[in-house]
Amino acid sequence: MIQSNLFQNEQQAGWEITGPGVQRQVLGYDDKLMLVKVKFEKGGVGEPHSHPHAQASYVESGSFEMTIGDTKKIINKGDGYYVPPYTVHGCVCLEEGMLVDSFSPCRWDFIQTDSEKYAL
């Protein structure tokens with residue numbers, strides 16, 4: 001089984017730019033579970049997308065307009081949401097903030113190198 005280190009240090013875990021005003025930091029994972037922080041500048045967009053993974057997320061800070069399927073809501077610090085597999089979802093950051101995402105199973109595409117992605 002492939003897994004992350006037992007502990008992750010925020011200063012040592014790298015941030016990846018995923019779009020204008022959006023960065024991702026992968027934390028703990030194994031083949032069944034993954035934890036990821038996503039930092040948004042005001043106006044940053046999590047483009048609508050879907051994936052085969054179940055996703056449960058927590059709003060660590062900020063305010064977001066979140067769309068899941070046909071439902072759109074404003075979510076704020078302390079709120080959470082669930083995205084069923086294959087459901088289109090995305091968000092717009094209304095106030096600078098951070099989401100903490102968990103995925104099951106692991107999003108291997110978040111940790112593969114570019115050469116590994118192209119080899120699939």
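Contact here means heavy atoms within 4.5 Å. The structure is a predicted model, with an average pLDDT of 93 over the protein and 93% of the residues scoring at least 70. Residues 114-120 stand apart in this respect, as pLDDT stays under 50 there. For this stretch the model has four contacts beyond four places in sequence. Where pLDDT is low, the predicted coordinates should not be read in detail.

An unreviewed UniProt entry carries the annotation "domain: Cupin type-2" for residues 38-95. Over that range the secondary structure amounts to 69% strand and 0% helix. The C-alpha atoms at the two ends of the range are 14 Å apart.

Two residues of strand E5, which spans residues 54-68, were examined individually. Ser63 is found in this strand. Its relative accessible area is 9%, so Ser63 is classed as buried, the cut-off for that class being under 20%. When residues up to four places away in sequence are not counted, Ser63 touches Ile74, Ile75 and Asn76, together with Val92, Cys93, Leu94 and Glu95.

Met66 is also found in strand E5. With a relative accessible area of 5%, Met66 is likewise buried. Under the same exclusion of residues up to four places away in sequence, Met66 touches Thr71, Lys72, Lys73, Ile75 and Tyr81, as well as His89, Gly90 and Cys91. Among these partners, His89 is 23 residues from Met66 in sequence, and the C-alpha to C-alpha distance between Met66 and His89 is 7.5 Å. Ile75 is touched by Ser63 and by Met66.

The largest pocket holds about 430 Å³ of space. Its lining consists of 24 residues, and those nearest the pocket centre are Thr18, Arg24, Val38, Gly46 and His49. Two or more lining residues are contributed by each of the strands E1 (16-19), E2 (22-29), E3 (34-40), E4 (45-49), E5 and E8 (89-104). Strand E8 supplies the largest share of the lining, with six residues. By residue class, the lining of the largest pocket comprises 11 nonpolar, nine polar and four charged residues.

Strand E5 therefore enters the description in two ways: Ser63, with its relative accessible area of 9%, is a buried residue found in E5, and E5 is one of the elements giving two or more residues to the lining of the largest pocket.

How values were computed: Residues numbered from 1 in each chain as written. Predicted model: local features only at pLDDT ≥ 70, side-chain atom pairs only at ≥ 80, totals over all residues. Heavy atoms only, no water. UniProt positions renumbered as here; feature names shortened; annotations may be inferred. Helix = DSSP H or I, 4+ residues; strand = E, 2+ residues; numbered from the N terminus. Buried < 20%, exposed > 50% of the residue type's maximum accessible area, 1.4 Å probe, protein only. pLDDT = per-residue confidence, 0-100. 1 Å grid on protein atoms, 1.4 Å probe; cavity = no way out; pocket = protein on both sides within 12 Å on 5 of 7 lines; lining within 4 Å. Points joined across faces, edges and corners; volume = space filled by probe spheres on them. Nonpolar A, V, L, I, M, F, W, Y, C, P; charged D, E, K, R; others polar.
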